[in-house]
Each structure stands twice: as C-alpha cells, then as structure tokens.
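I opened this notebook to record what I looked up in one model. My topics were sheet pairing, aromatic contacts and charges over rings.

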Amino acid sequence: MFEFSFFVWNIHGMNGYGDYLTPSFVIDRILFEERDIVIITEFIRTKDWDEISSKLSSKYWRYTYDKKCGTNEILILVRKNFCGISDENLRKIPKYNFSANYGQPNFLQVIININDKSKLFIIGLRITDTNNHIAEFEALSRHFQSLKLGEDDYVICAGDFNEWHRLVQNKIPQSFKVHTPRFNLGSNPFPNTSAKDSTISTWSAVLKDPKTGVTGKALIDHVVTNNIPSVELEDYCWDFVNTQNGYGNLTAVDILSNALYHPDHAILKGKACLSSLK
C-alpha cells in the first residue's frame, strides 16, 4: 500500500500585470503544509521566480512549462524522495503541457515511474471560463483517452475546472472519477442576493453573475483520478483570507477576484491511497 498527500490551489496569478509578484504567504503556506504533491494553477513566473524556486527547492522538485507562454501556467511540485525515488530520477521525469492556443486549457503533466511496471500521471489543470469552455473540455477528454494506461498505472488530475463536479464527470471518459469535498446545501443554498446568505457548507470560489450581479458559492475545484481506489478530501480551506495576508475586510463569502494578486479560490487538500500498488 502507498499513500500520498496533495495540495491544490488557484492562486489568481495576474497575467498581464507587469508588477505582479506571488504573495509571500502563498509560498510560506505551501512549505508549511509539507504535502507530497502540490498543484498550483493561475501560476506565473515573474521576476521573483528564481527566489521562489530556491525556497521551494528545500523540499520539492519544481515542474512548469519549458518556456514562458504569455499566459497563466501550471506549477507542479513533487516532494524530494517521493516514494523512495532518487533525486536524479525525479529531476529527469518527463513533462508535457498543452500549447497556449485558444481552446486549450492551462495544462501540465508529469509522469513518475513508481516502480518497474507502475506509473503515476500527475496533471495540473485550469479550464478557462471563456467562450471556448467546451473546446477545452474536449481537448482534456481527448488527452485522457490518448493515455496508454496499463492496469498498474494511476492518474491524478487536479485544479480549477470551472464547472460543478457532475458536469465535469459528463465531459470526461467514464473511467475517470471526479472527487469533490462533501457538502451540505442546507435550506437556502442559492439565494438571489449574496453568497453571504448561502447555506452551502463548503465552497471553492464565490462567483458573480455578470447579468444580475448576484454572487454565489460554487464548487469548481476538483480532483479527477483513474485507477486510484481511495481519495479522501478535506473541506475547502479559506483560512488564508485575513487582514494579515492583505485582504482587508474581505471574507471567504465575498468576491475576491478584485483582490489584486491575492488567491481567490480555496485550498483543496487531501490524500490518496494506491492500495493495489505492488
């Protein structure tokens, strides 16, 4: 049996803003959590990347795109000595990212050889909330179908899907399973005024309807797996939204997308167990 922990976060990297810098509390939180696998979406390599990479290197191997692509990227971190794999092998593991073409999601994949016959595919994903939403899911589904998975291979794909879990499940091959923290809708889950009045027990983002101005809680950050028999998720975590981290009077039930340079999605944490790993 082999168990690993993971940490997933859309950090709201502001592509196109020349003065954007990754908040220091984001890096501090990643290092504090000490998870085996970290997937960061809406990530940008800015002028402080060398310093950030050096800090992360104390615990992790870092994987992102080979070249800056002029848009948000994905950052994947794998703990050093993960599954007893040597640093030399972790440093050389293959990675693959979708091009930055319109109609392609933000996507990064790394493949770890766990042993002689088992591979673990780690994928970070952000489906952009644009007119090409459907095309991006189609690109993801085609990629899933193209993977030549053996019976001892495993896939974990996590990030911001910009859809609720049922709709994600309908858009990907059925052999892949969508995991979302358990939630209770309560008696007033979708008020027509504000997310502050909603009774949804856990949520990953607060969104605003551009036509009505109504805000609502949404569950759009998920984990998708293939051949992983056990996944346990914690509730979405919002404890980083506080005055100390620069959010002022904002809370987790407010629209945070206007909080420039600050994460506007919850942290998603959990663990997975490969009970069939031999």
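The entries below follow those topics in turn.

**Entry 1: the sheet.** I note at the outset that this is a predicted model. I looked up the strand order and found an open sheet of 6 strands, arranged E5-E6-E7-E8-E12-E9, with mixed pairing. Its edges are strand E5 (95-97) and strand E9 (177-179), each of which pairs on one side only. I then checked the twist: neighbouring strands of this sheet are turned by 20 degrees against each other on average, direction ignored.

**Entry 2: the E5 edge.** I followed E5 to strand E6 (residues 106-113) and recorded antiparallel pairing over 3 bridges. Within this pairing, Tyr96 has Gln109 in E6 as its bridge partner. I next asked which helix packs on the sheet. I found helix H4 (residues 133-146), which touches E5, E6, strand E7 (119-126), strand E8 (154-160) and strand E12 (221-226). The direction of H4 makes about 175 degrees with that of E7.

**Entry 3: aromatic pairs.** I recorded a count of 18 aromatic pairs. One of them joins Trp9 and Phe25, with 6.5 Å centre to centre and 55 degrees between the planes, a tilted arrangement. Trp9 belongs to strand E1 (residues 2-10) and Phe25 to helix H1 (residues 24-33), so the pair ties together parts that are 16 residues apart in sequence. I looked up the accessibility of both partners. Trp9 is buried at a relative accessible area of 0%, and Phe25 is buried at 12%.

I then returned to Tyr96, asking how its ring and that of Phe98 are arranged. Their centres are 5.9 Å apart and their planes stand at 80 degrees, so I entered the pair as edge-to-face. Here Tyr96 is partly exposed, at 41% relative accessibility, whereas Phe98 is buried, with a relative accessible area of 6%.

**Entry 4: the cluster.** I asked which residues form one aromatic cluster with Trp9 and Phe25. I listed Phe7, Trp203, Trp238, Phe240 and Tyr247 alongside these two.

**Entry 5: charges over rings.** I looked up lysines lying over aromatic rings. Lys217 lies over the face of Trp203, at 3.8 Å from the ring centre; Trp203 is also a member of the aromatic cluster. I entered a further case at Trp61, where the charged end of Lys80 sits over the ring, 5.3 Å from its centre.

Conventions: Residues numbered from 1 in each chain as written. Predicted model: local features only at pLDDT ≥ 70, side-chain atom pairs only at ≥ 80, totals over all residues. Heavy atoms only, no water. Pairing = 2+ DSSP bridges. Helix = DSSP H or I, 4+ residues; strand = E, 2+ residues; numbered from the N terminus. Axes fitted to C-alpha atoms, helices over the stretch in contact; angles between N-to-C directions. Contact = heavy atoms within 4.5 Å. Phe/Tyr/Trp six-rings, centres within 6.5 Å; stacked < 30°, edge-to-face > 60°. Buried < 20%, exposed > 50% of the residue type's maximum accessible area, 1.4 Å probe, protein only. Lys NZ or Arg CZ within 6 Å of the ring centre and 35° of its normal.
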